[in-house]
Amino acid sequence: MSTITSYWVQKMVHQPLEDLMQEGYNVKKHHFGNSITFSRNVFIPLTNICKDHCTYCTFQRRPGDNGAQIIPEDDILRRVKTAKDAGCTEVLISLGDKSDYFPEVREWLNHRGFRNMLDYVAHVSKRIIEETGLLPHTNAGVMCRHQLAMLKPYNASMGMMLETVSDRLTGPGQVHEHAPDKRPHRRIRMIEEAGKLKIPFTTGLLVGIGETWVERMDTLLEIKRLQETYGHIQEVIIQNFQPKTGMDQLKSNVVSEETMLRLSAIANILFDGTIHIQVPPNLNNNYLSKLIQSGITDWGGVSPVSTDYINPESPWPAIQRLKEVTLQNESHLTERLPVYEDYITPEWIEEPALSAVKELKGRIDHETPKLYT
Ligand SMILES: O=c1nc2n(C[C@H](O)[C@H](O)[C@H](O)CO)c3cc(O)ccc3cc-2c(=O)[nH]1
Ligand SMILES: C[C@H]1O[C@@H](n2cnc3c(N)ncnc32)[C@H](O)[C@@H]1O
Ligand code: SF4
């Protein structure tokens, strides 16, 4: 273990909790003031067909499985229009990895004039921007440079969870044994490509999949390195694994409240104002106040119109409740777009996404003070 990792692990694990939270909160307040952000979004599970098999995931299907689907474009546009009427700005397009590996999927795509799944995603993103002005944020797993470049004009930002830098977890009997796209070096390379292409990027770590404290810290340190090299990491999601029926092997991994608070605080202290820290409220509903007191900056995407298709058993709290909890903790709730302010420049966002971002920015800046302070 490197001296740096060792220093941070000691601090994260052994500093008294209250003290660590206070330090995290002070750092947050210094850099980001007393606002906590969220993005009003609609979740589009464009396809749940996935070539990989992560043992913690119940979203994934194979062609022919019960519930396997690819959502047709007109259906997607209808959902996005409903979301627009509900005041949403972000369209979170999430999908399984390399679904077009399967002949059934290629046939579906070819029949509609698409060569592969990412061509379809680009086409749908383009229609969303052009027909609704809402902002796609695509999370399609590992993509190559060419695919990232193709999506960039139609995405305000993109995302992919690094999950973990642990190679060990791709070994026999581990969660990523049958998920080649979860090999850490592949994910790191893709996040680097996104950096070179100047794509504002969301990533994060998945907690509770069998990783050690040292591996958690190494994952955060790798994200810090990526940010120092490319500057494109706008936010880090600290996501706690949700056990589901049938996952007996992973049951013992349930992530405690204290672990989430320690990670939130340490992430804040480590990134020191250079990256926003997001923790999904639907997965941590019982201690939202304490998360604020640890220094998180963001609740992430919260949807008034769709469920969280990855964790459908965890409904998002009402925006009104987030507003109340935030206010009870000397903070106020501020609506944001899927791209943070610092990145709203031609250097980071291409047309037509840039114009769409500016248009919506004007709208939420105008409305937010009335609604959320
Ligand atoms: O706003 C985002 N939220 C992302 N989310 C969060 C999502 O909106 C929900 O908060 C979680 O699914 C809660 O279960 C992700 C969640 C994951 O588990 C894995 C990846 C993502 C990726 C993103 C993302 O790129 N952007
Ligand atoms: C889309 C993202 O969802 C996360 N993910 C997948 N399954 C689960 C689960 N059971 N609990 C929490 N997060 C999960 C992974 O981090 C993936 O990248
Ligand atoms: S987490 Fe993503 S890559 Fe893993 S099985 Fe689920 S959809 Fe596939």
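## Ligand surroundings and fold of a predicted protein chain

The shell of residues around ligand 3 divides into five nonpolar, four polar and three charged residues. The model in which this shell occurs is a predicted one. The residues around ligand 3 include Cys50, Cys54 and Cys57, together with Asp52, Asp97 and Asp181. His53, Phe59 and Gln60 are also found around ligand 3, and the list is completed by Gly96, Gly141 and Ala179.

The surroundings of the other ligands were described in the same terms. Around ligand 2 lie Tyr56, Cys57, Ser94, Met161, Glu163, Leu206, Gln239, Phe241, Gln242, Ile310 and Asn311. By residue class, the shell around ligand 2 holds six nonpolar, four polar and one charged residue. Ligand 1 is surrounded by 16 residues, of which Gly159, Thr202, Pro280, Gly301 and Asn311 are the closest. Two or more residues of the shell around ligand 1 come from each of strand E3 (135-139), strand E6 (233-240) and strand E8 (298-302). This shell around ligand 1 consists of six nonpolar residues, nine polar residues and one charged residue. Cys57 is listed around ligand 3 and also around ligand 2, while Asn311 is listed around ligand 2 and is among the closest residues to ligand 1.

Confidence in the prediction is given by several scores. The average pLDDT of the protein chain is 96, and 98% of its residues score at least 70. For the complex, the predictor gives an ipTM of 0.92 and a pTM of 0.96. Where pLDDT is low, predicted coordinates should not be read in detail.

The protein chain contains twelve helices and nine strands. Its C-alpha trace spans about 60 × 55 × 40 Å along the principal axes. A compact globule of 373 residues would have a radius of gyration near 21 Å; the protein chain has 20 Å and therefore agrees with that expectation. Of the 373 residues, 47% count as buried. Among contacts between residues at least 6 apart in sequence, 77% join residues at least 24 apart. The unreviewed UniProt entry lists residues 36-272 as "domain: Radical SAM core". Over residues 36-272 the chain is 38% helix and 17% strand, and the C-alpha atoms at the two ends of this stretch are 16 Å apart.

Two buried residues illustrate the packing of the chain. Isoleucine 233 is placed in strand E6, one of the strands that give two or more residues to the shell around ligand 1. Isoleucine 233 has 25 other C-beta atoms within 10 Å and is therefore buried, the cut-off for burial being 20 or more. Apart from neighbours within four places in sequence, isoleucine 233 is in contact with Phe201, Thr203, Ile223, Leu226, Gln227 and Ile275. Leucine 46 is 187 residues from isoleucine 233 in sequence, and their C-alpha atoms are 24 Å apart.

Histidine 176 lies in the loop between strand E4 (157-159) and helix H7 (184-196). Although placed in a loop, histidine 176 is buried, because 25 other C-beta atoms lie within 10 Å. When residues up to four places away in sequence are not counted, histidine 176 touches Cys54, Leu169, Thr170 and Lys182. Cys54 is also one of the residues around ligand 3. The C-alpha atoms of histidine 176 and valine 357 are separated by 36 Å, with their positions 181 residues apart along the chain.

Several other loop residues are less enclosed or have particular backbone geometry. Asparagine 285, in the loop between E7 and helix H10 (288-294), has 14 C-beta neighbours inside 10 Å and so counts as partly exposed. Its C-alpha atom is 10.0 Å from that of leucine 322, which is 37 residues away in sequence. Aspartate 272 is found in the loop between helix H9 (257-271) and strand E7 (276-278). Its phi is positive, at about 45 degrees, although aspartate 272 is not a glycine. Aspartate 272 is exposed, because 12 other C-beta atoms lie within 10 Å, and exposure requires 12 or fewer.

Glutamate 330 likewise is not a glycine and has a positive phi, near 55 degrees. Glutamate 330 is placed in the loop between helix H11 (319-328) and E9, and with 11 C-beta neighbours inside 10 Å it counts as exposed. The peptide bond from glutamate 351 to proline 352 is cis, with omega near 5 degrees. Proline 352 is located in the loop between strand E9 (332-335) and helix H12 (353-372).

How values were computed:
Residues are numbered from 1 along each chain as its sequence is written. Chains are lettered from A and ligands numbered from 1 in the order in which they are written. This is a predicted model: local features need pLDDT of at least 70, side-chain atom pairs count only at pLDDT 80 or more; totals for chains, interfaces and linings use all residues. A residue is near a molecule or strand if its C-beta atom, placed from the backbone, lies within 6 Å of it. Ala, Val, Leu, Ile, Met, Phe, Trp, Tyr, Cys and Pro count as nonpolar, Asp, Glu, Lys and Arg as charged, and the others, Gly among them, as polar. Helices (H or I, at least four residues) and strands (E, at least two) are DSSP runs, numbered from the N terminus. UniProt positions are given in the numbering used here, feature names are shortened, and annotations may be inferred rather than shown by experiment. pLDDT is the predictor's confidence in each residue, from 0 to 100. The radius of gyration is taken over C-alpha atoms; the globule rule is 2.2 Å times the number of residues to the power 0.38. Two residues are in contact if their C-beta atoms, placed from the backbone, lie within 7 Å.
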